[in-house]
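Biologist: I should like to request a close look at a single part of this structure. Please explain it in terms that a first-year student can follow.

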Amino acid sequence: MTVIGYARVSTTDQDLSIPKERLGGQRAARLFALRRRSGTTTRGREELRTVLDFLRKGDVLMVTRM
């Protein structure tokens, strides 16, 4: 089982350091991060598509918040 982390912040005043720290503490083997995208749509979230394409059977996707 491989743990994959996904962190996202949606405003310019938010910082990715806290979500990255939390996911790193969970020993995520790979971390994908996305800055400043609206939570109302997945349009323009290439990093989300990348992480979903990266996942394999048996992997665990961890996110810090929904």
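Modeller: The following account begins with the whole chain and then turns to helix 2 and the loop after it.

This is a predicted model, in which local features need pLDDT of at least 70 and side-chain atom pairs count only at pLDDT 80 or more, while totals for chains, interfaces and linings use all residues. Residues are numbered from 1 along each chain as its sequence is written, and side-chain values use heavy atoms, with hydrogens and water left out.

The protein chain contains 2 helices and 3 strands, arranged from the N terminus in the order β-α-β-α-β. Here helices (H or I, at least four residues) and strands (E, at least two) are DSSP runs, numbered from the N terminus. Of the 66 residues in the chain, 21% count as buried; buried means under 20% relative accessible area, exposed means over 50%, and partly exposed lies in between (1.4 Å probe, protein chains only).

Helix 2 covers residues 46-54. Within this helix, Asp 53 and Arg 49 stand 4 residues apart, and therefore about one helical turn separates them. Their side chains meet in a salt bridge, with 3.4 Å from N to O. The term denotes a side-chain nitrogen of Lys or Arg within 4 Å of a carboxyl oxygen of Asp or Glu. In general, side chains of opposite charge can pair when their charged atoms come close. The structure holds 1 salt bridge. Asp 53 has a relative accessible area of 44% and is therefore partly exposed; Arg 49, at 48%, is likewise partly exposed.

Leu 52 also belongs to helix 2, and its relative accessibility of 35% makes it partly exposed. Together with Leu 61 and Val 63, Leu 52 makes a nonpolar surface patch of about 200 Å². Such patches consist of residues with over 30% relative accessible area and no salt bridge; like charges are joined within 9 Å, and nonpolar side chains (Val, Leu, Ile, Met, Phe, Trp, Tyr) within 5 Å. Accessible areas come from the Shrake-Rupley method with a 1.4 Å probe, and for residues only the protein chains shown count as cover.

Leu 55 lies in the loop between helix 2 and strand 3 (60-63). At 22% relative accessibility, Leu 55 is partly exposed. When residues up to four places away in sequence are not counted, Leu 55 touches Ile 4 and Leu 61, a contact being heavy atoms within 4.5 Å. Although Leu 55 and Thr 2 are 53 residues apart along the chain, 8.9 Å separates their C-alpha atoms.
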